[in-house]
Each structure stands twice: as structure tokens, then as C-alpha cells.
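Open your viewer and keep the selection panel handy. We will go from stop to stop, picking out a few residues or helices each time and looking at what surrounds them.

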Amino acid sequence: MSGLTLGAAVGLLRMRPDPVGAEPPPETTRLRISHGPVCQAPQFAAEGLLRDEGFSRLDYIKQEGVGLYRALAAGEVDLSTTFVAPFIIQVDAADPVVLLAGVHVGCLELFGTDRVRGIADLKGKVVAISARGGPSHVFLVSMLAHVGVDHRSVNWVTYPRDEAIRRLAAGEIDALMAFPPDPQELRARKIGRVVVNTAKDRPWAQYFCCMLAGNAEFVRKNPVATKRAVRAIIKGIDICALEPERTARLLVDRGFTPRYDYAVGTLKSLPYRQWREYDPEDTVRFYALRLHEAGMIKSTPQRILTQGTDWRFLNELKRELKG
């Protein structure tokens with residue numbers, strides 16, 4: 001299948017077994033999806049598929065970091081893929097969000113200076129994050145908890161991405177967590193060194209970094225629309241795996257990212273094909289344990305799973321798509 005054109009791949013993925021045709025139409029024809037990092041490509045690759053599912057109005061809303069999580073909880077965004085751990089914190093806080101499916105592994109990379117050889121070396125160091133409670137901060141808290149380091153021993157500083165990269169190059173900070181396309185830029189400019197690559201390094205490579213979540217009220221009111229949207233986005237994951245070059249060109253042409261070379265590098269580096277091999281429940285349990293150890297949440301992993309996940313759409317679709 002690797003030789004398929006994007007059009008042929010989309011055509012193949014649009015083929016659906018007969019039972020799906022008997023589904024009622026979606027309760028709403030409008031879908032609001034977040035527009036953020038390049039690793040969210042399955043949402044954009046699925047645009048045609050979403051229209052096939054009955055969504056005549058697709059609004060891609062620019063949101064990243066903490067703002068994305070707030071927008072989803074506020075009902076300003078219906079569905080989004082992004083890093084799982086802040087969703088878990090939201091569930092612990094009784095925010096109206098629900099995790100629906102795993103998307104991919106490995107988009108985050110920890111870059112540091114020569115003063116940082118491993119995660120434990122972050123103790124006492126200056127580490128740049130975009131915001132407290134955001135994906136980079138919470139992921140690093142999880143990593144520190146996993147190796148037994150108190151996150152309060154780190155000197156956290158907040159900078160915009162360009163400023164953080166400049167300071168890492170100048171040796172003014174010790175480390176930062178990079179999201180696509182920043183790892184590609186850091187490598188191209190030979191800034192810092194990779195301390196952890198979550199696409200390759202265990203245990204991080206064994207769990208989803210990014211998962212699909214929905215606003216709980218949207219999911220409750222629109223179960224058919226939710227299933228149809230999840231189906232399209234899951235197929236979008238396969239499109240990213242089958243045709244990274246053409247998907248990257250789509251992202252650039254639609255204005256979702258400016259650099260084709262960084263976009264295609266990101267898509268080729270992420271193991272999108274592995275979404276069928278991992279259990280999203282294992283991912284939620286793993287990160288909930290780390291966050292509980294770090295004192296970031298009070299709930300047990302089982303309570304998070306009970307209150308903040310809904311795998312019924314994914315399980316139905318796996319059977320339907322023979323995943």
C-alpha cells in the first residue's frame with residue numbers, strides 16, 4: 001500500500017462495510033476541531049473523510065498549549081488530538097472532557113545542553129516550558145516522577161518557543177521539551193542534543209503521547225456524530241502513514257504549517273501505523289500513575305478511566321475496520 005497516491009489512499013479508506021451505511025446521519029453537521037502542531041495531521045488529512053461522514057461545516061480553530069485544553073472544556077472546540085497528560089489533570093478537576101482514542105506515539109523530544117545527559121540531570125537545572133500546566137510542563141513532570149525526581153527541584157522558566165530555542169543555543173537554559181516541528185529545526189540548526197526521543201526510548205515509546213478527546217457535552221448529545229468523526233480521524237492516521245509527503249504538502253497548502261521539509265520530516269518520524277498496537281487504557285493508566293506520584297492529581301488511575309474515558313466508539317470502529 002505504500003505506493004498508493006494520496007487520492008487512492010483516501011479512496012480506499014472511504015470504502016466502508018455495509019453496516020455503516022445503515023447509520024443515522026450525524027446529529028450536527030458542524031464540527032469544530034483544534035488547529036495546532038504538525039503532529040495533529042490526522043485531523044487535517046481526514047478533512048474529506050469528515051465531509052463524507054456528513055459534516056458540511058468544518059471549523060479548524062487555532063489553539064495550542066493550555067489554550068487548547070481550556071477551549072475543549074469550555075465547549076469552544078468539539079474534538080482535538082493533543083498530549084494526553086493535561087487531559088488527565090482536567091478529568092481529575094472534573095472538567096467536561098472525555099478521552100476517546102489513541103492517535104500516535106513519539107512526537108515529543110527532550111533537548112538539552114551537555115549539562116543534561118538524562119532525565120535525572122534536570123534536578124536543579126533551568127528548564128524552559130511554554131506555560132505551567134501545558135503539555136511540555138506536564139510531560140516533563142511525568143518523566144521526572146518516573147525516575148523519582150521531585151519536579152519542584154527544577155527551575156522552571158516560561159518563554160515563547162523562539163525565545164526558548166535561542167536561550168538553549170546560548171546555553172542560558174539547560175533543556176526544553178520540543179514538539180513538531182521544533183525537533184526538526186533544532187537538528188537542522190545543530191542546537192542542543194537529544195536527551196529523550198519518545199518515538200524510540202522506553203517506556204515513552206510504549207504509550208500514546210497524543211490522544212483524541214472530546215468535549216463531554218458534545219459527545220453526550222451527539223453520539224452518532226462523534227462516532228463518525230472518530231472514524232474519519234482514525235482513517236486520517238492511516239493516510240499520514242501511507243502518504244507522508246502528500247499529507248505534508250496538504251498541511252502547507254492549507255496554511256497549517258509553513259515548512260514542507262519540517263512537516264514531512266515529522267510525519268515520517270512518527271509511527272502512525274502503530275495506533276492499532278497500543279491500548280489507550282494502558283496509556284491513561286501509566287500517565288495517571290506518574291501524575292499521582294508527582295502530586296499533580298488526587299484521583300486514582302481507575303477513577304480517571306471511569307470518569308474520563310469512553311472507548312465504545314473506538315472498540316466499535318476497530319471491529320468495523322478490522323483493526
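Start by selecting the side chains of Ser 80 and Ser 34: a polar contact of 2.5 Å joins them. Bear in mind as you look that this is a predicted model. Ser 80 sits in strand β3, which spans residues 79-83. Is Ser 80 buried or exposed? Ser 80 is buried, because its relative accessible area is 0%, below the 20% cut-off for burial. To see what packs around Ser 80, show its contacts further along the chain: leaving out residues up to four places away in sequence, they are Ser 34, Gln 40, Gln 43, Leu 68, Leu 72, Phe 87, Met 211, Leu 212 and Ala 213.

Next, select Leu 50 and Tyr 287. In the largest nonpolar core, which has 98 residues, these two touch the most other members. Now colour helix α11, residues 223-242: the largest share of this core, 10 residues, comes from there. A second, separate core has 12 residues, among them Phe 111, Leu 176, Leu 186 and Ile 191. In soluble globular proteins, nonpolar side chains tend to be buried together.

Go back to Tyr 287 and display its neighbours. Apart from residues up to four places away in sequence, Tyr 287 touches Phe 83, Val 84, Ala 85, Ile 88, Phe 139, Ser 142, Trp 204, Tyr 207 and Phe 208.

Two of those names, Phe 139 and Ser 142, lead to the next stop, since both belong to the α7 side of a helix pair. Show α7 (residues 135-146) and α14 (residues 280-293) as cartoons. How do their axes cross? They come within 8 Å of each other, at an angle of roughly 80 degrees; the two helices are therefore roughly perpendicular. For the side chains at the crossing, pick Val 138, Phe 139, Ser 142, Ala 145 and His 146 in α7, which meet Phe 286, Tyr 287, Arg 290, Leu 291 and Glu 293 in α14.

Move on to helix α13, residues 260-269. Which of its residues are buried? Tyr 262, Ala 263, Val 264, Thr 266 and Leu 267 are. Their cover includes α3 (41-45), α9 (182-188), α11 and α12 (244-253), so you can add these helices to the view.

For a last stop, select Cys 210 and Cys 240. Cys 210 is buried, with a relative accessible area of 4%, and Cys 240 is buried too, at 1%. How many disulfides does the structure hold? It holds zero.

Notes
Residues numbered from 1 in each chain as written. Predicted model: local features only at pLDDT ≥ 70, side-chain atom pairs only at ≥ 80, totals over all residues. Heavy atoms only, no water. Core = buried A, V, L, I, M, F, W, Y, C linked by side-chain atoms within 4.5 Å. Buried < 20%, exposed > 50% of the residue type's maximum accessible area, 1.4 Å probe, protein only. Helix = DSSP H or I, 4+ residues; strand = E, 2+ residues; numbered from the N terminus. Contact = heavy atoms within 4.5 Å. Polar contact = N/O pair within 3.5 Å; in protein donor to acceptor, adjacent residues only side chain to side chain. Disulfide = S-S within 2.5 Å. Axes fitted to C-alpha atoms, helices over the stretch in contact; angles between N-to-C directions. Parallel < 35°, antiparallel > 145°, perpendicular 65-115°, else oblique.
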